[in-house]
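This report goes through one protein model, from its overall make-up to single strands, helices and residues. The sequence and the structure come before the discussion.

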Amino acid sequence: MLHVLYFVHDLADPAVRRRVLTLQMGGARVTLAGFRRDQNELAAVQGIMPIELGRTHDGRFGQRMSAIAKSLFRLGATLASVDRPDVIIARNLEMLAVANRAASQFGGNIPIAYECLDIHRLLLRKDAAGATIRAVERYLGANARLLLTSSPAFVEHYFRRLSGLELPTMLLENKVLALGEDSEGDMPRSRAPEAGKPWKIGWFGALRCRKSLAVLAEFSRRMEGRFEIVLRGRPARSEFDDFDGFVTNEPFMTFHGPYKNPEELAQIYNEVQFSWAIDFFEEGQNSNWLLPNRLYEGCLYGAVPIAMSGTETARFLATRKIGLPLETATADHLAEVMSGMTEQRYLDLFAAVAAQDRKTWTTDRSECLALVQRLSSLTPATRPLILPEAVSQPHGNKGGLL
């Protein structure tokens, strides 16, 4: 059984839980180690006691660097009880430093996979600071043997053009992990509101975009209760002046806290008709290139996605002829797009989403196996998994090499 040591920047991130479950479904044994940012019981993975390397705070770059430096100093003692891993995965740039130190301390040639699911704005700066941090990434990534990323646009716009890293790349889209067999009860169903009830737009997941919050709030007020905004997930409170106070004062906006992914996705998405699949957090850069979790989650359960034209998300949806594109990021334009919403128009939009192959939105066991097999192949000391013939060729680009 392949032993994976997984270093993460935020143990409370639900996406970390999903990746651990993916590795476990693929047959790997996982040791999880990383930094704690806040308490989030929904991120816990059954059967795994994570190794805490320290505490960091969102938005405080200097404090994070200090915490990482301290963790490197005591890493040998921290990992003293951990068996030598076959592969190390480093989630995000700062974890590459920890992964390199751990590989050195364990001895031998342990392969490292670099998992990069966002391109931080510091990496894209055109000044000396940007050049320096890219040089740090190249230095820390010199020992990596595989890049794991979630969007083709990250490869096209950053890794091939700017990073200087030359690594084999495996695309792992932010799909919903299918924990069990599909059932008829999981199939999306239309849910037009009853007469007199509002349409609902769900903005779920990592809530970090101040511009989205402002646009949705202004739009909902302008529509005078015909549309409601439902928020769920983990707000990056460092990005807002007063997230809770703002939402409390909005008459047509509610926040319902975190949710368990994937177990509670059907419940929360079936409460809304539309999904806000837009992020302006790093507008023109990372936000234009990512394919967010909410895209896959919402479409799987039949929520019609709203996307920003010119982004990778909008291109992804356009090739499938689904969703609602926005040409400009204003409440006026959103009102123009949504004001004529009728039950029949909604049903047509819903039907287009529901007609898509569910494999477009989900990671099944065959993809979990393919990921673990790819990691296993990084080192000759680890015997590659033997996959059934039915899953030896991944579907489409799922888990595929770029």
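How many helices and strands does the secondary structure of the protein come to? The count is 16 helices and 15 strands, in a model that is predicted.

## Overall make-up

The protein has 402 residues, of which 55% count as buried. Contacts between residues at least 6 apart in sequence are mostly long-range: 73% of them join residues at least 24 apart.

## The open sheet

Seven strands form an open sheet with parallel pairing, in the order β3-β2-β1-β4-β5-β6-β7. The edges are taken by β3 (51–55) and β7 (169–171); each has a single partner strand, so one side of each is left without a neighbour in the sheet. From one strand to the next, the twist averages 20 degrees.

In general, the strands of a sheet pair through backbone hydrogen bonds, either parallel or antiparallel.

## Strand β4

In the strand order, β4 stands between β1 and β5. Strand β1 (residues 3–8) runs parallel to β4 and is joined to it by 4 bridges; one pairing sets V4 against V87 of β4. On the β5 side, β4 (residues 87–91) and β5 (residues 112–116) are also parallel, with 4 bridges between them. Here I88 stands opposite I112, and R91 stands opposite E115.

Is β4 enclosed or open to the outside? 5 of the 5 residues of β4 are buried, so the strand is largely enclosed by the rest of the structure. In a regular strand, side chains alternate between the two faces of the sheet. In β4, V87, I89 and R91 point one way, while I88 and A90 point the other way, and all are buried. The buried set thus includes R91, a residue whose partner in β5 is E115.

## Packing of α8 and α14

Two packed helices are described by the angle between their axes and the distance between the axes. For helix α8 (residues 210–222) and helix α14 (residues 331–338), the angle is about 55 degrees and the axes are 9 Å apart. That angle makes α8 oblique to α14. The crossing is right-handed.

On the α8 side, the contact is made by V215, L216, E218, F219 and R222. The α14 side supplies A331, D332, L334, A335 and M338. By class, this contact has 7 nonpolar, no polar and 3 charged residues.

## Packing of α4 and α6

The axes of helix α4 (residues 93–106) and helix α6 (residues 128–140) come within 9 Å and cross at roughly 35 degrees. This crossing is left-handed. L93, L96, A97 and N100 of α4 meet I133, E137 and L140 of α6. By class, the contact has 5 nonpolar, 1 polar and 1 charged residues.

Helix α6 also holds V136. Is V136 buried, partly exposed or exposed? With a relative accessibility of 37%, V136 counts as partly exposed, because the buried class lies under 20% and the exposed class over 50%. Its C-alpha atom is separated by 9.9 Å from that of L123, 13 residues apart along the chain.

## Helix α12

Helix α12 (residues 293–300) is mostly covered, with 7 of its 8 residues buried. The buried residues are R294, L295, Y296, E297, G298, C299 and L300. Following α12 is G302, which has a positive phi, near 80 degrees.

Terms used. Residues are numbered from 1 along each chain as its sequence is written. This is a predicted model: local features need pLDDT of at least 70, side-chain atom pairs count only at pLDDT 80 or more; totals for chains, interfaces and linings use all residues. Side-chain values use heavy atoms; hydrogens and water are left out. Two strands pair if DSSP finds at least two bridges between them. Helices (H or I, at least four residues) and strands (E, at least two) are DSSP runs, numbered from the N terminus. Axes are lines fitted to C-alpha atoms, for helices over the stretch in contact, and angles run from 0 to 180 degrees between N-to-C directions. Angles under 35 degrees count as roughly parallel, over 145 as roughly antiparallel, 65 to 115 as roughly perpendicular and the rest as oblique. A crossing is left-handed if the near helix is turned anticlockwise from the far one by less than a right angle, and right-handed if clockwise. Contact means heavy atoms within 4.5 Å. Ala, Val, Leu, Ile, Met, Phe, Trp, Tyr, Cys and Pro count as nonpolar, Asp, Glu, Lys and Arg as charged, and the others, Gly among them, as polar. Buried means under 20% relative accessible area, exposed over 50%, partly exposed in between (1.4 Å probe, protein chains only).
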